[in-house]
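Biologist: Could you give me a close look at how side chains pair up in this model? I would like one connected walk through the contacts, with each term explained as you use it.

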Amino acid sequence: MDRFVDMKALLVDVSIFELSLWLSGLLLVLVLIGVRVAFAAAFIGFIGLCAFFMQKQGFDRGLVTAAKLTGQIPHSKATSYALSLIPTFILIGYLAYYAGLTRYLFEAAKRWIGWTPGGLGVATVFATAGFAAVSGASVATSAVFARIAIPEMLREGYDKRFAAGVVAAGGTLASLIPPSAILVIYAIIVEQSVGKLLLAGFLPGLVSALIYAGLVIGLARLRPSLGPAVGGFTWGQRFAALPGALPILLVVFIIVYSIYFGWATPTEAGALGAGVVLAMAVWQGMRWRQLHGALMEAAKLTVMIFAMIWGVLIYVRFLGFAKLPEAFADFITGLDMGPYQILLMILMAYVVLGMFMDAIGMLILTLPITFPAVMALNGAVGDAPGALGMTNEEAAIWFGIIVVKMAELCLITPPIGLNCFVVAGVAQDAKMDISVEDVFRGASPFFVADVATVAVLIAFPGIVLWLPGLMG
C-alpha cells in the first residue's frame with residue numbers, strides 16, 4: 001500500500017516534461033528487451049496520460065480521464081479513411097503470390113537480364129522491384145522470392161550467401177515503391193498527402209533498384225564465382241515470357257495512373273488493384289484454399305500494423321501534452337551547425353536504432369519527435385524555400401522518402417534485420433544450407449548501396465519531388 005502511495009505521489013508531483021524523458025527512455029528499454037512495440041508504447045503512453053491528468057484533475061478523476069482518452073484513440077484512428085488502404089495494398093501482394101504471378105515475373109526477368117554478370121541476381125532485383133509495385137510489405141516480398149529465386153540461383157552455381165543477400169536486400173524495395181504500407185503510415189503520422197507520398201517513392205525506388213543491380217554486376221565482375229551469367233535464351237523465348245508478367249505491370253499502371261491523374265483516391269486505387277489481381281488470379285486457376293491463404297496472411301499483417309499504430313498514437317498523444325517534440329525542435333534549431341550536418345546526425349541515429357528495432361516500429365516511435373525538428377530546421381514560411389531549399393510541404397515529402405529509405409537499412413542489418421531472418425527461415429524450411437549469419441553476410445554490401453542511394457536523394461531532391469510536383 002505504501003508503494004502505491006509513493007507511486008501516486010511521483011506521478012502527481014514530477015514535472016511532465018521530465019517524466020516524458022524518463023518514460024521515453026523506458027520505452028526504448030522495453031522494446032530492446034523484446035516487448036512488442038504496440039504494447040510497450042500503449043503502456044508508456046497510458047502512464048504518461050495518467051500523470052498529466054492527475055496533475056490537472058486530481059488522482060481519481062485524472063485516472064478516469066486518461067483511461068477514457070486511451071480507449072478513444074484506437075477507435076478514432078480505426079475509423080480513419082486513410083488507414084483503409086493498408087489492407088488493400090497488402091492483399092494485392094499476397095493475391096499475386098498465391099496466384100503464381102511472381103514466378104512469371106521472375107522468369108521474364110531471368111530471360112531478359114540473365115546474360116549480365118550475376119544475371120540471376122540482377123533479375124531478382126528487378127523482379128522484386130516489380131513485385132514491390134503490387135505489394136506493400138518488404139517481409140512478404142523477401143519471403144516470396146526466397147522460395148522462387150534462391151533455389152534457381154543455387155542450381156546455377158551461385159554463392160549461397162550472395163543469393164540470399166540479394167533476396168533479402170531486394171525485398172526492402174517494397175518500402176519505397178508504391179503501394180508502400182510504410183509510406184502510408186508515415187503520411188498518417190505526419191498528416192501529409194498519402195497520394196503525393198506514394199508517387200514520390202516511385203522514382204527513388206527505381207534509383208535504388210538500379211544501384212542494387214549495379215552493385216550485383218560489380219561484385220560478379222570482381223568475383224565471377226559469386227554469380228555466373230545465364231544465357232541461351234532466344235528472342236522468341238524472351239517475348240514468350242512477357243504475357244505472364246503483364247498482370248503485375250497492369251496493376252502498377254492502374255494504381256499509379258489513377259492516383260496521378262486524380263481519377264481515384266489511394267484507397268480506391270488500392271481496392272481497384274486488389275480487384276484486378278483477384279480477377280486475374282481466378283482466371284489463372286486460383287482455388288478457395290489459395291484465396292483463403294492470401295486473405296489470412298493479409299489479415300494477420302494488417303492487424304499487426306494497426307495494433308502498432310494504435311499503441312504508438314497513445315504514446316504520441318502523451319508526448320503532445322508533455323511538449324517534448326517542440327522542445328527537441330527548439331534544441332535542434334539552436335545547434336551551431338549547418339542544416340545538412342544536423343540532418344546527418346538524425347540519419348545516423350536512425351542507423352543505430354535500426355540495429356535494434358523493426359522498420360515500422362522505429363518510424364512510428366521516432367517521427368513524432370524528429371519530424372517537427374526537421375520542419376523547424378527547414379523553417380520555410382509560406383511558399384518560400386527554407387534552409388533545406390524546399391517549402392515545408394516539399395521538405396515533409398522529401399524527408400519521408402529519406403527516412404523510409406533509412407528504415408530499409410534495419411531490415412538487413414544485424415541483429416534485428418527482419419528480412420534476413422525471413423529469408424533464412426524460408427531457406428531452412430526448404431532444406432537449403434543457409435543460416436541467418438550467411439544471409440547477413442550476403443546482405444552487408446547492400447548497406448553501402450543504400451547509403452549511396454540516400455546520398456543521391458539528398459544531393460538531388462528533385463528525384464523525390466518531381467512526380468508529386470506534377471500532380472499539383
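Modeller: Happy to. A residue is called buried under 20% relative accessible area, exposed over 50% and partly exposed in between (1.4 Å probe, protein chains only). This is a predicted model, where local features need pLDDT of at least 70 and side-chain atom pairs pLDDT 80 or more, while totals for chains, interfaces and linings use all residues. Residues are numbered from 1 along each chain as its sequence is written, and side-chain values use heavy atoms, without hydrogens or water.

First, the setting. The protein chain has 23 helices and zero strands (DSSP runs numbered from the N terminus: helices H or I of at least four residues, strands E of at least two). Its C-alpha atoms fill a box of roughly 80 × 50 × 45 Å along the principal axes. Of the 472 residues in the chain, 54% are buried.

Now the charged pairs. There are 11 salt bridges, each a side-chain nitrogen of Lys or Arg within 4 Å of a carboxyl oxygen of Asp or Glu. Glu152 is a good place to start. Its side chain meets that of Lys110 in a salt bridge, at 2.8 Å from N to O. That pair links distant parts of the chain, with Glu152 in helix H8 (residues 138-155) and Lys110 in helix H6 (residues 101-113), 42 residues apart. Glu152 is buried because its relative accessible area is 15%, and Lys110 counts as buried at 8%.

Glu152 also forms a salt bridge with Arg155, again with 2.8 Å from N to O. This second contact stays within helix H8, where the two residues are three apart, about one turn of the helix. Arg155 has 61% relative accessibility, so this residue counts as exposed. Step back, and Glu107, Lys110, Arg111, Glu152 and Arg155 turn out to be linked in a network of salt bridges.

Elsewhere, Asp450 and Lys405 form a salt bridge whose closest N and O atoms are 2.8 Å apart. Here helix H22, which holds Asp450, is linked to Lys405 in helix H20 (residues 392-409), 45 residues away in the chain. Both Asp450 and Lys405 are buried.

Helix H22 brings us to the rings, since Phe440 lies there too. The structure holds nine aromatic pairs; rings of Phe, Tyr and Trp (its six-membered ring) pair with centres within 6.5 Å, as stacked under 30 degrees between planes, edge-to-face over 60 and tilted otherwise. In one of them, Tyr186 and Phe371 have ring centres 6.3 Å apart and planes at 85°, so the pair is edge-to-face. This pair joins helix H10 (residues 181-190), home of Tyr186, to Phe371 in helix H19 (residues 359-378), across 185 residues. Tyr186 is buried at 1%, and Phe371 is buried at 11%.

Phe421 and Phe440 also pair edge-to-face, because their planes stand at 85° with centres 5.7 Å apart. Phe421 comes from helix H21 (residues 418-429) and Phe440 from helix H22 (residues 436-459), so the contact ties together parts 19 residues apart in sequence. Phe421 is partly exposed at 38%, whereas Phe440 is buried at 13% relative accessibility. To finish the rings, ring pairs link Trp112, Trp235 and Phe239 into a cluster.
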